[in-house]
Amino acid sequence: MTEQNISLTIDGQAVTVPKETTILEAARSVGIDIPTLCWAENLTPVNVCRLCVVEADNSKALVPACSRACDAGSNIETNNERVTKNRRMVLELLDSANDLSQSEELQDLMANYEADSSRYSDNLAAHDEPKVEDDLFIRAYDRCVLCYKCVQACGEEAQFTFAIAIANRGFDARVSTEHDIPLPESACVYCGNCIGVCPTNALQFKTEFDLRSAANWRPEDQEVTETICSYCGVGCTLELHTQDNEIVKVTSPADHSVTSGHLCVKGRFGWEYVQAPVYRPPSAIQTDAAVDD
Amino acid sequence: MFGAGGGTSSYCEVEETEFVLLWGSNARAAHPIYFHHVLKGIRSGASMFAVDPRYTDSAKFADAWLGLNVGTDIALANAIAREIIVSGLYDAEFISRSTSGFAEFAEHVDAYDLAYAERITGVDAGVIRETAHRYATAKTAQILWTLGITEHHNGVENVLSLCNLALLTGHVGRWGSGLVPLRGQNNVQGGGDMGALPNKLPGFQDVDDDRARAKFEALYQTTLNPEPGLHLTLMFEAMSRGELKALYVIGENPADSEADVLRARALLQDLDFLIVQDIFMTKTARYADVVLPASVGWVEADGTVTSSERRVQRVRAALVPPKGARADHEIIGDLAMRLGATWQAQTPEELWDELRSISPMHAGMSYARLEENNGLQWPCPDLDHPGTPFLHGWLWEEGLSGHDPAPFSLTTHEGPKETLSEEFPIRLTTGRVLDSYNTGVQSRAYKSPLRKGADLEISTVDALELGLQNGEEVLVLSPRGQVKMLVSIQKDQVKGLAFTTFHFPDLVDLNVLTNDEWDPLSGTAEFKAAAIRIEKLTGNDRA
């Protein structure tokens with residue numbers, strides 16, 4: 001063991017990790033999973049969702065595992081009754097104020113933690129109509145849990161465009177463009193990196209939105225294929241999500257050294273030409289040699 | 001550069017470098033995800049200076065913008081070199097061990113003093129001095145460039161002028177320091193790697209190298225022509241002399257993309273026989289006698305592409321191509337058999353393994369390893385080799401590992417071939433925008449809310465002098481032709497400069513205007529510098 005390493009106990013297991021390792025990283029390194037919502041491997045933790053809280057014997061309050069660095073000699077419990085009760089309440093509060101139906105992960109967590117949001121009144125004010133302002137992606141803020149990931153990805157964590165921020169405070173807080181202007185008029189450059197990090201599908205491809213509206217979004221029939229973007233020479237890895245021989249959305253792996261999960265508008269949305277028959281040549285044609293223009 | 005046909009550095013190095021000199025590149029728009037790495041570097045404390053005639057989206061992130069006159073890059077680079085030399089900021093040890101020709105170079109650039117450079121380039125002498133000092137004194141520094149350097153009649157000399165700066169300061173061959181040309185197309189690096197160059201066999205082995213050629217002749221049991229062939233520009237020259245009469249065009253749209261495009265179209269029209277193999281019915285395909293419909297390489301076929309950091313990466317079929325469209329390698333293979341070859345049908349992986357057997361720099365890159373490592377950076381000579389994050393480490397080794405020292409190049413400022421005149425007083429330069437791509441055949445299909453079409457961006461002063469309103473249609477004339485365009489007045493644009501994109505040839509036949517004076521070494525045309533005149537339309541002329 002070098003001076004740079006520290007030891008602690010997580011759920012009874014002795015763990016040795018480099019200094020500055022977070023509790024989340026340390027736990028995952030020994031196969032203990034802790035649920036997260038506002039954390040992502042390609043963003044700096046903002047500690048807003050409180051889903052990843054764990055009990056540390058050197059802290060009175062529960063601590064967020066995603067951002068708290070391990071303390072030498074501390075004893076962490078990631079799944080005791082106090083922790084479980086807190087997570088259940090966080091999930092119930094989120095579910096009472098938002099539509100979480102399109103997040104498979106949160107649905108699973110709610111089942112695992114036996115969350116019952118009917119204990120809280122339904123927040124009718126949150127039921128906004130989805131914002132459908134262009135052909136690339138939609139924003140359905142009744143699904144937004146204010147995890148800040150989209151704001152981070154739009155800002156200094158990746159894109160440096162700063163088209164969105166949290167407007168208002170308290171119950172009125174929501175993600176907004178400047179003065180709530182429509183997205184096409186805002187600073188947005190349609191990289192879609194906000195969609196890439198959204199955990200609740202509040203932000204989604206227009207293709208997905210249309211297929212869902214037509215009751216034809218079938219994840220069980222979809223495949224994901226990794227390939228390389230066809231545009232500039234940077235070589236971004238794309239994950240093509242396909243259904244019925246069509247691309248329905250595009251993501252990029254967060255752990256890839258080229259993209260860190262982020263793309264530009266061409267990589268994210270510029271694939272339409274592949275499946276627009278009007279743009280493909282008729283098969284093996286013999287043309288007239290003469291062209292007028 | 002220095003004997004290798006690729007950029008020296010990995011993308012992630014720019015996140016750790018101290019000083020970034022972004023030169024003739026609007027990477028924010030043209031290479032957005034590479035620019036994320038640059039932004040990480042800036043966020044970590046790197047300083048960036050941007051050299052560009054326009055105050056681009058990229059330049060807005062820089063600590064200083066050097067808004068030089070179009071085509072004065074050599075004057076600027078040589079002045080930076082002179083300032084580094086006269087201030088004693090060069091790396092004498094590096095120069096004496098790893099380079100040749102320093103004395104002649106120092107003497108040559110002595111004419112490029114700051115006052116001269118300011119007069120030629122239009123960049124403040126103090127800013128040039130500051131650039132030289134920052135670049136030379138940084139512990140690590142990178143120069144990044146794109147077509148603003150290469151699309152000139154002397155593009156190769158422009159590149160060599162930037163290489164000189166790296167040789168003066170030792171900013172090459174080390175982690176965090178390097179020379180980074182960003183490639184404009186997803187496999188333009190791979191095309192060169194595979195020998196799609198008139199003087200190269202796959203793996204950058206020279207066509208006129210008997211030993212290299214013998215290897216290929218043995219494998220393919222045929223005799224190969226030792227004479228280097230023609231690049232695209234020379235092919236058009238040969239067509240104009242009537243020497244080249246049949247053309248097989250694969251995935252290229254010269255009927256829209258060539259400079260002085262009216263001439264190019266006439267030459268395509270005059271061919272005896274034109275085959276076009278493409279995924280689209282492009283304008284070039286409409287001139288063809290036969291069109292061979294191809295499947296889309298990155299999504300309907302398996303294979304590899306190589307990126308700007310020399311990373312070979314796998315592409316994979318995710319969709320079944322439309323009926324009649326076939327993979328490029330199948331079409332070429334079938335054509336070869338009709339021509340009498342006895343090749344066996346091969347899978348993309350079998351073809352790749354065949355390449356590995358004769359291209360030493362790819363030998364260690366099996367499909368399994370490419371998969372496992374998210375791609376590998378060449379050279380990767382054997383299966384135990386981890387790939388090469390940065391090139392030219394030998395420059396820092398005693399004895400240079402048997403290499404010749406890297407030579408300084410003597411380059412001389414000329415300026416654009418087409419000088420401004422009373423008849424054509426405005427400089428037209430072209431470039432990319434974020435949401436579109438090349439001649440638009442790919443990017444036009446998706447409905448981008450950002451798309452504005454090909455406006456002619458001009459300065460407020462020129463708009464005032466010409467009496468033009470924003471959005472007004474004007475006639476734009478160059479010595480080669482004329483087109484109508486809509487004016488977009490840009491408060492950041494300098495007087496005398498006009499800019500537009502080349503993504504919308506169906507809206508504006510822009511390459512009617514551009515100059516096809518080309519670089520004798522690279523064959524690249526001077527897209528970046530034409531002389532134009534803007535005329536206000538009278539009521540009757542309006543469309």
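# A tour of chains A and B

Start with both chains on screen: 50 residues of chain A are in contact with 59 residues of chain B (contact: C-beta atoms, placed from the backbone, within 7 Å). On the chain A side, the elements that give two or more residues are β10, β11 and α7 (265–269). Helices (H or I, at least four residues) and strands (E, at least two) are DSSP runs, numbered from the N terminus. β10(A) gives the largest share of that side, 4 residues. By class, the chain A side has 28 nonpolar, 15 polar and 7 charged residues. Here Ala, Val, Leu, Ile, Met, Phe, Trp, Tyr, Cys and Pro count as nonpolar, Asp, Glu, Lys and Arg as charged, and the others, Gly among them, as polar.

This is a predicted model, in which local features need pLDDT of at least 70, side-chain atom pairs count only at pLDDT 80 or more, and totals for chains, interfaces and linings use all residues. Residues are numbered from 1 along each chain as its sequence is written, while chains are lettered from A and ligands numbered from 1 in the order in which they are written. The model scores ipTM 0.94 and pTM 0.93. Color chain B by pLDDT, the predictor's confidence in each residue, from 0 to 100. Chain B averages 94, and 98% of its residues score at least 70.

**Stop 1: the three-stranded sheet of chain A**

Select 223–228 and 246–251 of chain A. These are β10 and β12, the edge strands, each pairing on one side only. They belong to an open sheet of 3 strands with the order β10-β11-β12 and antiparallel pairing. Two strands pair if DSSP finds at least two bridges between them. From one strand to the next, the twist averages 35 degrees.

Now add β11(A), residues 237–243, which pairs with β12(A) in the antiparallel sense over 5 bridges. Label two of the partnerships: A:Glu239 with A:Thr251, and A:Leu240 with A:Val250. Then look at the turn. β11(A) and β12(A) form a hairpin with 2 residues between them, and A:Asp244 in the turn has a positive phi of about 55 degrees.

**Stop 2: another hairpin in chain A**

Select 164–167 and 174–177 of chain A. Strands β7(A) and β8(A) run antiparallel here, joined by 4 bridges. A:Ala167 has A:Arg174 as its bridge partner. The hairpin has 6 residues between its strands, and A:Asn168 in the turn has a positive phi of about 65 degrees.

**Stop 3: the five-stranded sheet of chain A**

Move to the open sheet of 5 strands, ordered β2-β1-β5-β3-β4, where the pairing is mixed. Its edge strands are β2 (13–18) and β4 (63–64) of chain A. Select β1(A), residues 5–10, and β5(A), residues 75–77: these strands run parallel and are joined by 2 bridges. A:Ile10 stands opposite A:Ile76.

Next, show helix α2(A), residues 81–97. α2(A) packs on the sheet, touching β3 (53–56) and β5, and its direction makes about 155 degrees with that of β3(A). Axes are lines fitted to C-alpha atoms, for helices over the stretch in contact, and angles run from 0 to 180 degrees between N-to-C directions.

**Stop 4: helix α3 of chain B and its two partners**

Switch to chain B and select α3(B), residues 73–86, with α6(B), residues 114–121. Their axes come within 9 Å and cross at roughly 165 degrees. α3(B) and α6(B) are therefore roughly antiparallel to each other (angles under 35 degrees count as roughly parallel, over 145 as roughly antiparallel, 65 to 115 as roughly perpendicular and the rest as oblique). The crossing is left-handed, that is, the near helix is turned anticlockwise from the far one by less than a right angle. Show side chains for B:Ala75, B:Leu76, B:Ala79 and B:Glu83 of α3(B), and for B:Leu114, B:Ala117, B:Ile120 and B:Thr121 of α6(B), which make the contact. These residues divide into 6 nonpolar, 1 polar and 1 charged.

Keep α3(B) and bring in α9(B), residues 155–169. Their axes come within 9 Å and cross at roughly 15 degrees. α3(B) and α9(B) are therefore roughly parallel to each other. This crossing is left-handed. Residues of α3(B) including B:Ile74, B:Ala77 and B:Ile84 meet residues of α9(B) including B:Leu162, B:Leu165 and B:Leu168. By class, the contact of α3(B) with α9(B) has 8 nonpolar, 5 polar and 2 charged residues.

How values were computed
Two residues are in contact if their C-beta atoms, placed from the backbone, lie within 7 Å.
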